[in-house]
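Load the model in your viewer and keep the sequence panel open. The stops below go from one selection to the next.

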Amino acid sequence: MERSQELAVQKKKEMEGKQEKTFPARYFVPTADIFETGDALTLVMEVPGVEKKDLDVSLQNGVLSVDGRIDFGKYEGFEPVYSEYNIGHYSRAFALSDQIDPAGISADLANGVLTLTLKKIKEAAARRIEIG
Amino acid sequence: MAYDDPFDATLSLQQALDAIRDSNWLESGTSGGGGYPPINLFRKGEDLVAVAEVPGIEKKDIDVQVRGNVVRIAGVKALNYGEKVSIHRRERLAGRFDRAISLPVEIDAERVRAECHDGVLAVYLPRAERDKPKSIKVN
């Protein structure tokens, strides 16, 4: 994308009822980029305000889940006077193809951006079937 | 605000933010609302704090300026995908931004400080001494 382009505001997308949480705080769906290189799939998600200790990435039944919580304690003594966006935890899940090696997932969090690198399973060499 | 239950604190703050969404508390003019980054303004004691979510933007790429009662937040957000990638999904946006808000109170430009942690920018705006309300004794 061009550097000269004006950065547009993206409205934060609230998480819908499907995987509703047990406590009544707002959850948002982090914006994500997914791209693929020869040997890995990379997921990049924006989770501003989430610290490493409040981030949970798990893989279960082929579904990769990301949960990030905001520490609302930081807002203690803050009285809102004007607001353009809401604050909330983040949650998003992705179904992985069986090309992904579950043991080869690495995560990195920097400047409110989570980068997950998912290594692909090395494809088994094509096997030639002899016709008997 | 003081809460015992952290879940209560969360919901209360979220409701409070919803209730004042785009309130006319900021002076109209300059670039009031709508620009990037979206801003939340808080009162903390006598001072103000402007908070904005700026994920993926390096500290060095954010420029915060204060002049009179106008705060300007400008910068650029770059996304780097590297070479030889095929992109499956692209939701994040890149580009430059430049936004100014004018506050209805006078601030002490010398004491303004900005912090950026985990993709959240906080600009602490101390109110100017001469702007603080003084109690007048009624005789």
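Two strands count as paired if DSSP finds at least two bridges between them. The model on screen is predicted.

**Stop 1: chain B as a whole.** Select chain B and colour by secondary structure. One helix and eight strands make up its secondary structure, and from the N terminus the order is α-β-β-β-β-β-β-β-β. Of its 139 residues, 27% are buried. Among contacts in chain B with a separation of 6 or more, 54% are between residues 24 or more positions apart.

**Stop 2: a sheet of three strands.** Select residues 62–67 and 95–102 of chain B, which are β3 and β6, and add β4(B), residues 70–77. These form an open, antiparallel sheet in the order β3-β4-β6. Its edge strands are β3 and β6 of chain B, each paired on one side only. From one strand to the next, the twist averages 10°. Now zoom in on β3(B) and β4(B), which are joined by six bridges in the antiparallel sense. Which residue of β4(B) is the bridge partner of Gln65(B)? Label Arg72(B): this is the partner.

**Stop 3: a hairpin in chain A.** Move to residues 100–110 and 113–120 of chain A, strands β9 and β10. They run antiparallel and are joined by seven bridges. Ala110(A) stands opposite Val113(A) of β10(A). Two residues lie between the strands of this hairpin, and Asn111(A) has a positive phi near 50°.

**Stop 4: where the chains touch.** Show both chains and select the contacts between them: 57 residues of chain B meet 43 residues of chain A. On the chain B side, the elements giving two or more residues are α1 (6–19), β1 (39–44), β2 (47–53), β4, β5 (86–90) and β6. The largest share of that side, ten residues, belongs to α1(B). Colour the chain B side by class to find 30 nonpolar, twelve polar and 15 charged residues.

**Stop 5: strands paired across the chains.** Select residues 32–36 of chain A, strand β3, together with β5(B). Four bridges pair them in the antiparallel sense. Label Phe35(A) and Ile87(B), which are bridge partners.

**Stop 6: Ala32(A).** Stay on strand β3 of chain A, where Ala32(A) is found. Is Ala32(A) buried or exposed? Ala32(A) is buried, because 20 other C-beta atoms lie within 10 Å, and 20 or more is the cut-off for that class. Leaving aside residues up to four places away in sequence, Ala32(A) touches Leu43(A), Val44(A), Met45(A) and Arg92(A), as well as Arg89(B) and Glu91(B) from the other chain. For a distance check, pick Asp67(A): 35 residues separate it from Ala32(A) in sequence, and the C-alpha to C-alpha distance is 13 Å.

**Stop 7: the largest nonpolar core.** This core has 42 residues, and those with the most contacts inside it are Met45(A), Leu48(B), Val49(B), Ala50(B), Ala52(B), Val71(B) and Leu125(B). Elements supplying at least two residues each are β4 (40–46), β6 (63–70) and β10 of chain A, along with α1, β1, β2, β4 and β8 (120–125) of chain B. The largest share, five residues, comes from β2(B). End on Leu48(B): beyond four places in sequence, Leu48(B) touches Leu41(B), Phe42(B), Arg43(B), Leu103(B), Val105(B), Leu125(B) and Arg127(B).

Methods
Residues numbered from 1 in each chain as written. Chains lettered and ligands numbered in written order. Predicted model: local features only at pLDDT ≥ 70, side-chain atom pairs only at ≥ 80, totals over all residues. Axes fitted to C-alpha atoms, helices over the stretch in contact; angles between N-to-C directions. Contact = placed C-beta atoms within 7 Å. Nonpolar A, V, L, I, M, F, W, Y, C, P; charged D, E, K, R; others polar. Core = buried A, V, L, I, M, F, W, Y, C linked by C-beta atoms within 7 Å. Buried ≥ 20, exposed ≤ 12 C-beta atoms within 10 Å, placed from the backbone.
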